[in-house]
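The exercises below are meant to be worked with the sequence and the model side by side. Please try each task before reading its solution.

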Amino acid sequence: MKKIIFLLSLSYSSIFAADLTKYCENSTVNKCVTPYGEKLGSNNGVSAFSNCRSECVKPIPNSLKKENDKEVYTGIKWQCVEYARRWWITQKNITFGSVDTANEIFDLTSAENLKTGKKVKLIKTQNGESLVPKEGDLLIYKKSVKDETLPYGHVAVIVNVNVSDGYVDIAEANYSNSVWEEKEKYSRRLALVSKDNKYVIYDVNYKDYKQEDTSNKNSMILGWVRADF
């Protein structure tokens, strides 16, 4: 019975993914923001590529070669989860487990050290709590059926933090699928507000941040996840 359920699940997933591939090509109805597979930017040599548009799903797995030419699975091209996992693998030599949607990363309790095979504890904090974000943290967005841009949540990598000036730089894939704001550094610079030793990240461009314009822009973000080495 388990085998039958598993096969049915695979079949359903394949059909679902195949249906979403129609969003991966330019047409008069579905126009790519940038062509699928085009480089959007890079951080520390970890490049992000266009997914055409956020609805696109091409069931093409990606992987990296690590020690002893071992292939390490990164995810499905060119989803946000794939980029975040590939960044951790490349920069920290760790990986996290399988998730169905990006928001589920917030529920994970451990990652894996690819050199030792041992578990690495994951620390998480809600947006607006006392753990200051730092480089390498994964910024996790909520899953929202009401928001067309976040039906599966979202994950980005925090690649720079400036508390005094009030911003964080993030690297990501499959958010807007536009060329990065700083092509060799970060995709977006988001507003960070610190008050009473608590930190709030808003899904608002740092240059456009205004206190009165931030309604619900912090509630989109669940928080951030950190590998506790």
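**Exercise 1: a helix and its end**

Just after α2, Asn 93 adopts a positive phi of about 60°. The model is a predicted one, in which local features need pLDDT of at least 70 and side-chain atom pairs count only at pLDDT 80 or more, while totals for chains, interfaces and linings use all residues. Residues are numbered from 1 along each chain as its sequence is written, and side-chain values use heavy atoms, with hydrogens and water left out.

Task: Describe the span of helix α2 and state which of its residues are buried.

Solution. Begin with the assignment, in which helices (H or I, at least four residues) and strands (E, at least two) are DSSP runs numbered from the N terminus. Helix α2 covers residues 80-92, which is 13 residues, and from its first C-alpha to its last it reaches 18 Å, close to the 18 Å expected at 1.5 Å a residue; that expected span is 1.5 Å times one less than the number of residues.

Next, apply the burial classes: buried means under 20% relative accessible area, exposed over 50%, and partly exposed in between, with a 1.4 Å probe and protein chains only. The buried residues of α2 are Cys 80, Val 81, Glu 82, Tyr 83, Ala 84, Arg 85, Arg 86, Trp 87, Trp 88 and Ile 89. Cys 80, for instance, has 9% relative accessibility and therefore counts as buried. Because 10 of the 13 residues of α2 are buried, the helix is largely enclosed by the rest of the structure.

**Exercise 2: the disulfides**

Task: Find how many disulfides the chain has, and work out which parts of the chain each one links.

Solution. Take a disulfide to be a pair of cysteine sulfur atoms within 2.5 Å; by this rule the count is two. One of them joins Cys 24 to Cys 56, with an S to S distance of 1.9 Å. Cys 24 lies in the loop between α1 (2-20) and β1 (39-43), and Cys 56 in the loop between β2 (46-49) and β3 (61-65), so this pair ties together parts that are 32 residues apart in sequence. The torsion about the S-S bond of Cys 24 and Cys 56 is about 95°, so the disulfide is right-handed. Cys 24 is buried at 1% relative accessibility, and Cys 56 is buried at 0%.

Cys 32 and Cys 52 form a disulfide as well, their sulfur atoms 2.0 Å apart. This pair also links distant parts of the chain, with Cys 32 in the loop between α1 and β1 and Cys 52 in the loop between β2 and β3, 20 residues apart. The link of Cys 32 and Cys 52 is left-handed, with -90° about the S-S bond, and both cysteines are buried. As a last step, number the bonded cysteines in sequence order, which gives the pairing 1-4, 2-3.

**Exercise 3: a strand residue and the whole chain**

Task: Is Glu 112 buried or partly exposed, and which residues does Glu 112 touch?

Solution. Glu 112 is found in strand β6, residues 110-113, and at 33% relative accessibility Glu 112 counts as partly exposed. With contact defined as heavy atoms within 4.5 Å, and not counting residues up to four places away in sequence, Glu 112 touches Asn 93, Ile 94, Thr 95, Gly 117, Lys 118 and Val 120. The C-alpha atoms of Glu 112 and Ile 94, which are 18 residues apart along the chain, are separated by 5.4 Å.

Finally, set these details against the chain, whose secondary structure comes to two helices and 13 strands, and where buried residues make up 45% of the 229 residues.
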